[in-house]
Amino acid sequence: MKITSAGIEFLEFNEFRNFAVDYDLLGSVSLSEPVVDKNGNILIKEKVAIKENILKKLEGLEGNYIPSFKLAMSKDLLKMLRLVLSKAILSRIDDRSNEFIFHLYEQNAERMASLKGIIQNSFYSKTVALSFFRILLSHKEFFNHLADFGLLSLGAVIQKQYGFKMVNRYSFLAGLCADIAVSKEGLYRQSFFGSSLTSAVSLSIEIARKLNLPEEVISAINNHGNSNFEIPGVNPANVNLEDLRKHQLNQDLLAGSGMEDDASDDEEEAGEYVDNTAEVTLDALKIARYIMENLKATNDKEHVSEKLLVMFTYNAEKGLFRKDLADPMTSRFKEFDHAIKRIRIIAEIENKCKFQTSAWAYPKPKSSQILCKDRNYECPWIVNGWDLRIITPQDPFGHIGTALEVGTYPKCALEEELHAKIKYTES
């Protein structure tokens, strides 16, 4: 089977027959070009619905014709592609090894009832459906990565009802396409932040435009790296943009489908740029990127969800992610309520700092002390004579752009409030 610029082509009769039968396409698809014998005589005309009698005719004549079966794109074929793609994506939720995504979506029936429709409708055009069908067939592991990214981004918005147009679909598409350019040699398994993310995103945007994705989606992909987060002890991927551009899958995607897409059946698909939708889509993708990169980097697979949730909650409380997106997500993880409640208290007390970012609870996440990271000795909350010496660099625990270096730091009086609140919540 080959994904061509016009649709799907089969070079073997058995493969063509199995495809038509397995996906229940008999009577609903037709060939875009005739089947001819070796003398050029037409055996099966183009644009004739493929039925069982035609398959039997071809089977009886096998060896007497050129085995080239080109399926013309149709609404029925597009519907089938959408079903296959959505099934492959939904299977990622049921994979218990995909722990974080499984937790994010489990036991949330009030929102999940519409999940299948959201994902199917995201493949609204022939171009988008054929492109991802190509990736599913030829790059299954990479497809799973893109699917996980899309589910993380969608998971940030599907937990509550938004009144913004297409926000669920666009958030899913933004996650699905954010890494679409980095399949080469498993590059997507490496970490992306800083300049490596900027380079990869630039090519992903080119591909997204070839797929004719909505501007809200393209804008989110373009801007979601602005958080400038880093992961301690992790080196980002080395991205050679020209090498990526030459990769065969990217060449195929950049070439486009070569076909005109019919108008979408969904009247909401067309329309002007919606600022509210674009803003939520961008924030959802920022969350998905943060989670995805930390999932890649963690070595503690057994406790990955708890650690990631605590890190994510801390950063949301520090204002780095939208709380109206973050809080419904963290509420899905009931078994970690205690850890989440504790880190929220820590972030809340740090936020009372007279110098905004100087207060640092230590050690995270089970903090028992608070020091002044920026050594603001003029602050009235400094506790003189009780300086703390840090002998090893401290993991910022996911706090974007912040780390605690080796050195001596003054103690902060906010520590008393920390002790009081932690004691109260645990009593």
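Reader: Where along the chain is Asp24 found?

Author: Asp24 sits in the loop between helix H1 (13-22) and strand S3 (35-36). Keep in mind as we go that this is a predicted model.

Reader: How do I read the backbone there, and what is the phi of Asp24?

Author: Here is the general idea: most residues other than glycine have a negative phi. Asp24 is not a glycine, yet its phi is positive, at about 55 degrees.

Reader: Is Asp24 buried or exposed?

Author: Exposed means over 50% relative accessible area. Asp24 has a relative accessible area of 66%, so it counts as exposed.

Reader: Which residue in the loop between helix H8 (140-155) and helix H9 (167-177) should I look at?

Author: Try Met166, which is placed in that loop. Met166 also has a positive phi, about 60 degrees, although it is not a glycine.

Reader: And is Met166 buried or exposed?

Author: The cut-off for buried is under 20%. Met166 is buried because its relative accessible area is 9%.

Reader: Let's turn to peptide bonds. Which kind of peptide bond joins Tyr362 and Pro363?

Author: As a rule, most peptide bonds are trans. The bond joining Tyr362 and Pro363 is cis, with omega about -15 degrees. A cis peptide bond also joins Lys364 and Pro365, and there omega is about 5 degrees. Pro363 lies in the loop between S6 and strand S7 (369-372), and Pro365 is found in the loop between S6 and S7 as well.

Reader: What can you tell me about Ala361, and which strand holds it?

Author: Ala361 belongs to strand S6 (residues 359-362). With 1% relative accessibility, Ala361 counts as buried. Setting aside neighbours within four places in sequence, Ala361 is in contact with Ile346, Glu350, Ser367, Gln369 and Ile370. For a sense of scale, the C-alpha atoms of Ala361 and Glu15 are 62 Å apart, with their positions 346 residues apart along the chain.

Reader: Which domains does the assignment give?

Author: The domain assignment lists domain 1 (2-72), domain 2 (76-257 + 276-341) and domain 3 (354-426). Between the C-alpha centres of domain 2 and domain 3 there are 34 Å.

Reader: Last topic: how many cavities of 30 Å³ or more does the structure hold?

Author: There are three of them. Take the second largest cavity, which contains about 70 Å³ of space. Its lining is made of 13 residues, and Cys353, Ser358, Cys372, Cys379 and Cys412 are the ones nearest its centre.

Reader: How do the residues of that lining divide into nonpolar, polar and charged?

Author: In the second largest cavity, 10 lining residues are nonpolar, two are polar and one is charged.

Key. Residues numbered from 1 in each chain as written. Predicted model: local features only at pLDDT ≥ 70, side-chain atom pairs only at ≥ 80, totals over all residues. Heavy atoms only, no water. 1 Å grid on protein atoms, 1.4 Å probe; cavity = no way out; pocket = protein on both sides within 12 Å on 5 of 7 lines; lining within 4 Å. Points joined across faces, edges and corners; volume = space filled by probe spheres on them. Nonpolar A, V, L, I, M, F, W, Y, C, P; charged D, E, K, R; others polar. Helix = DSSP H or I, 4+ residues; strand = E, 2+ residues; numbered from the N terminus. Buried < 20%, exposed > 50% of the residue type's maximum accessible area, 1.4 Å probe, protein only. Contact = heavy atoms within 4.5 Å. Domains from an automatic or database assignment.
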